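Here's a walk through a two-chain model, from overall build down to single strand partners. Have the structure open as you read.

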Amino acid sequence: MAEFLQQLINGITQGSVYALIALGYTMVYGILRLINFAHGDVYMLGAFFGLFIARLTRAQADPNPLKAAAVLLFAMIGCGLVGFVIERFAYKPVRKSSRLAALITAIGVSLLLENGGMLLFGADPKFFPQFIPARQFALGMGVTISNQQLIILVVSISLMLGLRFIVLHTRAGKAMRAVSYSHTAAALMGISVDRIITFTFVLGSMLAAAAGVLVALQNPKIEPYMGIMPGLKAFVAAVLGGIGNIPGAVLGGLVMGIAEVMVVGYLSPTWRDAIAFVLLILILLVRPSGLLGQPPAEKV
Amino acid sequence: MTSRWGQRLTLAGSLIVALALAGCGGGGSSSGKDEIVIGEYGSLTGGDATFGQSTKSGVEVALDELTAKSQGKIGGLTVRAVVEDDQGKPEEAASVVQKLINQDRVVAVVGEVASSRSLAGAPICQQNGIPMISPSSTNPDVTRKGDYIFRMCYLDDFQGQVMARFAIQNLGLKRVAMLKDVKNDYSVALSKFCTEEFVKDGGTVVVEQSYSSGDQDFRAQLTAIKAKNPQAIILPGYYTEAGLIGRQARELGLTMPIIGGDGWESSKLLEIGGDAMNGCYYANHWSLDEQNPQLQAFLTAYRAKFKSDPDAIGGLAYDAATVLFGCMEKLAAEDPATFAGLGSSKAGTEARKAATKKLRDLIAATANYQGATGLITLDENRNPKKPIVMIAVKGGKKVFETRIAP
C-alpha cells in the first residue's frame, strides 16, 4: 500500500508537468486548429534559460527563494518572447495557407530549435544547478514527498489556476474563447484576432518554460533534445483529455503521468514510452474526442 | 526575371563544383607526404561524453610523448591520429569506423569505451584486418569478435565477481537490489555476472529493476526497490544515470550504499550526483595514489597539459596508444621492409595488409608491459588480467578502498 501511494505521488508530480506542457498544445489548437510541434522544444529552451539565469545570479552558491522565483520568472518571460517570435515569423505568414502547410512549418520550427540548441548549447548534457537542496517530508506509512515535488505541484497548480482565471474572467480570456469559436465572428465583434493568437502563443510558451524549469530542478540533466519525448507525451495527454479543452489537458496530463509511473513500477520500464501511445490508440478507438472533449457538431 | 534566375543557377552550379572539389580534397590520401595514420573513435558528445573526451586526452598525451621523444615519428614516418565522434550511438560508431578505414586509411584503431559501441566497431575492423585496441570495454564479447580485436582492461565476469564478493565479504551484505540498464550491453552482462556470484556466495537479490539509458526519472523503480527493503543497490550502469539515480534514491529516503562498476568512472559522477553519492562504492581500473612510476609520469604530463586529473578511462587510452606505438617501433626496428607498408602511400596495397598483420601479431605478443594502469599481459584471447581497485565515495571525494587481484 505504501508503495502504491508513493508511486501515486511520483505519478501526480510527473503528470502535473505533462499537464503544464499539454495546456500549451491545447490552447493553440483550440484557437488555430494547429498542432504546434515546436512546443516541446520551447520547454527545452525554458530549462536552458533557467540555467543561464541561475548561473548569472549565482543561485547555487547562495540560494534564496527570491532567486528561485527570478529564475522561474525570467525563463517564462524569455520563452514568452520566443513564442512571440515563432508565431510572428513562422506561423503568421502561413496562416492563410492550408493547414498542412502550417503543420509542416511547425515541424520545421521544432527541428530548427532542436538543432539550433545543439549548435548553441552543445550536445553534451548540462547540469542544472541545484539551488533548492532536496529535503524529504514523511507523510506517514513510509510515504515521503520531497520539497522539489511539492514545489512542482504548488507551482503548476497555481499556474493552472492563473490560466483558468485569465481564460474565464478577463477580457483577453473572453476574446480567446470567442476566437476559438470563430475567427470571422470574433473579428466582426471588433476583436483583434491576430493579437489574441499572439497572446495565446506567449501564454502557452510561458507555461512550457515553467515546466522546463520545474523538471530541471528535479532531474538536473538538460540537453537540446530533452523536449522531444515530453513534448510528444504532452501532446498525447492533450488528445487524451480532449484537444482544445483546458481542463481536459490537465486531466490528460495527470492520467499520463500516473499511468507511466505505474507501468514502470509494476510492469517494466521498457514500457514507459509505449504506454503513452497505447493510451492514445485506446482513446482514439473508444472516444476520439477525448475524455472531456465535445464531439464535433455537424455543421450544415 | 530570367537574368535573376540565371544568376542563381550560376551560383548554385559553382557551389556544387566547389563542394565536389572540397570533397575530393578531403577524401583519400590527402597529401603527398608519407605518414602513419591511426584512428580513434569515441563519444565526444552525448550522454556519456566524458568517456570519449578522456580517451582523446589520453591519446593526446601519448602523442605528445612521441613528439618529445622522436619528433612524433616512428621509423621516419610522422604519426597522425584522426579522431571521430560517434555521439554515443552504436550505429554511429559502426559508420565512423567504416569511415576511418575507408577514407582515412588508418592502420590501427583505438576505441571505444562503451561495450555496445566497441561491439559495433569491432566486426568492421576485423573484416578489414585492422587491429583495434579497445582501451576500456569490459564486456567479454568484444574481443570474441576476432583476432584483430584487443583490450587494455579487465573483463566483466571478473568485475561482476569482485563487486558481488565486495558486497558480501567487505560490506557484510546479504540482500541487495539489482538495477540495470537494459539498453546497454555492458550493464546487462555485468549485472548477470554479479548476480550469479552473489547468489553463489549465499546472498539474495531481492528485487531486480531496470531502466533505459537516457531516462531522467527513476523514482518508480526506486520506489519498487524501497518496498523490498534491500541492504544495498547494485547499479552496473554509466555515470550520468548513476548520479541521477543516487540523487533520487536519497530523495526517496533510500540511504543504503549503491555499488557500481567502472562505468561510473567520470569526473561528472560527483557533479551530477553531488552529496548523494557519499557512501557509495565502485570498481575501477586504478586509484591515483598508486606508486607506479609509469602512472605518476602520466599524471604529471596530463596535469601539465589539461590542468586537471585524468580518470582511468584516460589512463587506459594512454596505455592503448603507447602499446600501439611500442609495437610500431618494434616493427620498424625488426622488419623495416614490412613496416613501410604502414605508410599512407601504401594504403590499399598488399604491403599494407602484410604490415597490419605483422602489427597485429606484435600487439598480441604484448607481455609484462608496464602501463599507467598496471602490468599488461595479453592472453591467447587478447585480454589482460588486471587487479580491480574498489573506490569509495566519502565526503564528496573518491578514495581508495581496497584492491582485489584476479
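Two residues count as in contact here if their C-beta atoms, placed from the backbone, lie within 7 Å. By that yardstick, 14 residues of domain 1 of chain B are in contact with 19 residues of domain 2 of chain B. Before going further, bear in mind that this is a predicted model, where local features need pLDDT of at least 70, side-chain atom pairs count only at pLDDT 80 or more, and totals for chains, interfaces and linings use all residues. Residues are numbered from 1 along each chain as its sequence is written, while chains are lettered from A and ligands numbered from 1 in the order in which they are written.

**The two chains**

Helices (H or I, at least four residues) and strands (E, at least two) are DSSP runs, numbered from the N terminus. A residue is buried if 20 or more other C-beta atoms lie within 10 Å of its own, exposed if 12 or fewer, and partly exposed in between, with C-beta atoms placed from the backbone. Here's how the chains look on a few counts:

| Chain | Helices and strands | Buried residues | C-alpha extent along principal axes |
|---|---|---|---|
| A | 11 helices, four strands | 51% of 300 residues | roughly 60 × 45 × 35 Å |
| B | 13 helices, 15 strands | 54% of 406 residues | about 70 × 70 × 40 Å |

For the radius of gyration, taken over C-alpha atoms, the reference is the globule rule: 2.2 Å times the number of residues to the power 0.38. Chain A comes out at 19 Å, close to the 19 Å that the rule gives for 300 residues, so chain A is as compact as a globular protein of that length. Chain B has 23 Å, close to the 22 Å given for 406 residues, so that chain too is as compact as a globular protein of its length. Looking at contacts with a separation of 6 or more, residues 24 or more positions apart account for 76% in chain A and 69% in chain B.

**Chain B and its domains**

Domain bounds come from an automatic or database domain assignment. In chain B, domain 1 covers 35-154 + 291-386 and domain 2 covers 156-284. Their centres, taken over C-alpha atoms, are 30 Å apart. On the side of domain 1 of chain B that touches domain 2 of chain B, α4 (115-128) and α11 (312-334) of chain B each supply at least two residues. Which element gives the most to that side of domain 1 of chain B? That's α4(B), with three residues.

**A six-stranded sheet**

Two strands pair if DSSP finds at least two bridges between them. One open sheet of chain B has six strands in the order β2-β3-β1-β4-β5-β6, with mixed pairing. Its edge strands are β2 (73-74) and β6 (149-151) of chain B, and each pairs on one side only. Inside the sheet, β4 (residues 109-110) and β5 (residues 132-134) of chain B run parallel and are joined by two bridges; B:V110 stands opposite B:I133 there.

Angles run from 0 to 180 degrees between N-to-C directions, and axes are lines fitted to C-alpha atoms, for helices over the stretch in contact. Helix α2 (residues 49-70) of chain B lies across β1 (35-42), β2, β3 (77-85) and β4 of chain B, running at about 160° to β1(B).

**A seven-stranded sheet**

Chain B has another open, mixed sheet, made of seven strands in the order β8-β7-β9-β10-β11-β14-β15. At its edges stand β8 (204-211) and β15 (397-404) of chain B, each with a single partner strand, so one side of each has no neighbour in the sheet. On average, neighbouring strands of this sheet are turned by 25° against each other, direction ignored.

At one end, β14 (residues 388-394) of chain B runs antiparallel to β15(B), with seven bridges joining them; B:A392 has B:V399 as its bridge partner. Seven bridges also join β7(B) to β8(B), which run parallel, and here B:K180 partners B:S210. As for burial, β7(B) is mostly covered, with six of its seven residues buried.

Helix α7 (residues 219-228) of chain B lies across β7 (175-181), β8 and β9 (232-234) of chain B, at about 170° to β8(B). Helix α8 (residues 239-251) of chain B packs on the sheet too, touching β7, β8, β9 and β10 (258-260) of chain B, and its direction makes about 170° with that of β10(B).

**Where the chains meet**

Between the chains, 22 residues of chain A are in contact with 25 residues of chain B. On the chain A side, α1 (2-32), β3 (144-146) and α10 (246-266) of chain A give two or more residues each, and α1(A) gives the most, with five.
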